[in-house]
Structures are given as C-alpha cells and as structure tokens.
Amino acid sequence: MLELDRNVPGVKRSEVADVSDLAPEELLAVDSRLDDRSEAPASRKPSGQRGRRVWLAVWPKVAAVAIALGLWQLVVLSGWRPEYVLPAPATVFERLGELIADGTVSEALKVTGERALYGYAAALVIGVVLGSLVASSKIVRSAVGSLITGLQTMPSIAWFPLAILLFQLSEQAITFVVVLGAAPSIANGLITGVDHAPPLLLRAGQMMGANPWQRLRHVLLPAAMPNFVGGLKQGWAFAWRSLMAGELIVILGPSVGFLLQQYRNLADPAGLIAMMIVILVVGIIVDVLVFGALDKLVRRRHGLIED
C-alpha cells in the first residue's frame with residue numbers, strides 16, 4: 001500500500017491513509033508533485049558538464065574549418081593556378097576585412113537580406129496554404145500532389161527566362177523565382193508531416209468531436225511539426241540559392257550577387273571569394289540560430305531529445 005507524501009499540496013495527510021482513498025483531482029496533484037521531483041535533479045547540470053557539451057559541439061566545426069583552410073593553402077602552394085587567379089587564404093581574408101571595414105558587406109547584406117526575407121515570407125504563406133489543402137483533401141492531393149514535387153525538382157535557374165519575360169529585369173522577377181524555389185519544399189514538408197501523424201491522435205480528435213478545421217489546427221499541424229521544420233529548412237536553402245542566382249542575372253542594386261558579378265568582371269578573385277565566404281557564413285548562421293534552434297525546440301516538445 002503506497003502512503004502519501006505529507007507535502008503534497010491540496011491533500012491533507014490526516015484525512016486519507018493511502019492513495020486508494022484519493023479523489024481524482026487529488027491524484028493529479030500527487031502525480032504532478034512526483035513529476036516535479038523526478039525532473040528536478042536532471043535540470044541541475046554542473047557547469048563543467050555544460051562546458052564539455054559546448055566544447056564537443058564546437059571543436060568539430062573548428063577542425064573542419066582548419067582542414068579546409070589547410071587544403072586551400074596547399075592547393076595554392078602547389079601552383080595549380082597562379083595566385084592572381086586563386087589567391088591564398090590570407091589574401092582573401094585581408095580583402096574580406098577591407099570590404100567589412102568600408103561597409104560594402106553590410107550594405108550588400110541589407111539589400112540581399114530584405115529580398116530573402118520578403119521572398120521567403122511569401123513562400124511560407126503559399127507553402128502552408130497549399131500544403132494544408134493537399135493534406136486535408138484527397139481531391140486536391142490527386143490534382144496537384146505530384147505537381148508540387150515536380151516543381152520542387154526544377155532548378156531555380158530554369159524559371160528566370162519566364163520571370164524576366166513576365167516581370168522584366170525587376171525585383172518582382174527575383175521574388176517570383178525565390179517563391180517558386182521555396183514554396184514547394186515547405187508544402188511538401190507539411191504534407192509529409194501530416195501523412196506521418198499517429199492515427200491514434202486522429203481518432204482521439206474525432207472522438208472529441210473536432211471538425212475538420214479543428215483537427216487540422218489542433219491535431220495534425222502539431223503532430224506534423226518535426227517534418228514541417230525540415231521542410232522550412234529545405235525551403236530556406238532553396239530560397240537562398242534562388243536569390244543568389246537571381247542577383248547574378250538581374251543586376252539591381254549593391255547586393256551580394258551584384259558584388260560577385262562585379263568582382264568577376266574586374267578580375268578581383270580575392271573580392272569574389274570573399275563574397276562567397278560571406279554567402280556561406282550567412283547560410284551557416286541562419287541554419288544554426290534559426291532553424292537549428294527551432295528544430296531542437298520542436299524535438300524537445302515531442303520528447304525526442306533531452307534538455
């Protein structure tokens with residue numbers, strides 16, 4: 001027979017001898033108190049353990065960068081290409097420092113960042129609406145389900161002739177291609193997540209009397225979040241690649257793509273590679289700070305990882 005803890009809130013020790021005498025609300029109080037006790041020790045992590053986890057997460061990245069720079073330097077030293085074509089890492093990073101100091105990088109990132117945010121936001125809205133329609137309707141799925149995957153497989157560069165024909169050399173042409181590059185991936189991520197939702201959750205929603213919209217909003221979408229986040233991440237990758245291609249073709253403003261083309265025309269390989277490094281760093285930062293953090297949050301809420 002299991003005796004009660006004297007410190008369980010809302011339960012008087014003198015009124016009850018064991019758990020079998022408890023009312024349902026009192027059982028909930030006991031269960032909550034036991035959960036709090038079981039989770040408390042796990043939340044107290046020594047600072048040394050936290051520092052070790054940070055080190056284990058950082059050192060592989062640092063080692064990968066060091067190896068890449070070392071291989072780059074070896075290729076330069078081998079004389080495979082003259083240094084005015086393929087400069088050494090030190091030359092490139094010196095040029096990158098100059099571009100950062102004079103504000104060239106910040107100005108270009110501002111223009112490119114605004115285009116990326118605007119295009120990705122439009123793709124997110126379209127992808128979520130389209131994915132929800134396909135996931136909730138067999139007729140819509142039969143009509144356009146395969147078309148979404150087909151659009152996702154098309155190279156973004158293939159859309160630019162049509163975009164320029166429709167919108168000329170304008171911001172709208174770039175946005176058009178960015179949206180077409182990102183929206184199918186976002187929609188497919190949502191569709192896949194809904195398709196893999198546990199049937200038990202769907203039956204529970206039906207038994208509780210939820211209508212189709214309530215089942216979609218309160219049951220299917222939360223269950224689909226792990227796959228949906230993967231679609232968001234893939235959609236961002238396609239949007240970023242499409243944007244870089246668009247800025248190389250549609251030369252508008254001092255953007256990152258514009259600088260890439262300009263340094264190629266000016267035979268400035270150090271500036272060209274420096275801007276390529278900027279593109280790579282932006283992609284890594286967005287992945288780690290935005291989608292990496294979002295992925296960890298979703299997996300933690302679904303009990304897939306520990307704190």
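What share of the 307 residues of the protein chain count as buried? Keep that in mind while you load the whole chain: the answer is 33%, with buried taken as under 20% relative accessible area. One thing before we start clicking: this is a predicted model.

**Stop 1: the whole chain.** Switch to cartoon and colour by secondary structure. You'll be looking at 11 helices and zero strands. Walk from the N terminus and every element in the run is an α.

**Stop 2: the surface.** Now turn on the accessible surface. The protein chain exposes about 18900 Å², and 66% of that comes from carbon and sulfur atoms.

**Stop 3: contacts.** Take the contacts between residues at least 6 apart in sequence: 65% of them join residues at least 24 apart.

**Stop 4: the largest pocket.** Select K61, V65, A68, L69, W72, F93, I277, L280, V281, I284, I285 and V288, and show them as sticks; these residues line the largest pocket. The space in there comes to about 380 Å³.

**Stop 5: the helices around the pocket.** Next, select 47–78 and 269–301. These are α2 and α11, and each gives at least two residues to the lining of the largest pocket. Which helix supplies the largest share of that lining? Go to α11, which contributes six residues.

**Stop 6: the chemistry of the lining.** Finally, colour the pocket sticks by residue class. You get 11 nonpolar residues, no polar ones and one charged. Lys counts as charged, so the charged residue to pick out in the lining is K61.

How values were computed: Residues numbered from 1 in each chain as written. Predicted model: local features only at pLDDT ≥ 70, side-chain atom pairs only at ≥ 80, totals over all residues. Heavy atoms only, no water. 1 Å grid on protein atoms, 1.4 Å probe; cavity = no way out; pocket = protein on both sides within 12 Å on 5 of 7 lines; lining within 4 Å. Points joined across faces, edges and corners; volume = space filled by probe spheres on them. Helix = DSSP H or I, 4+ residues; strand = E, 2+ residues; numbered from the N terminus. Buried < 20%, exposed > 50% of the residue type's maximum accessible area, 1.4 Å probe, protein only. Contact = heavy atoms within 4.5 Å. Areas by Shrake-Rupley, 256 points an atom, 1.4 Å probe, with all protein chains shown as cover.
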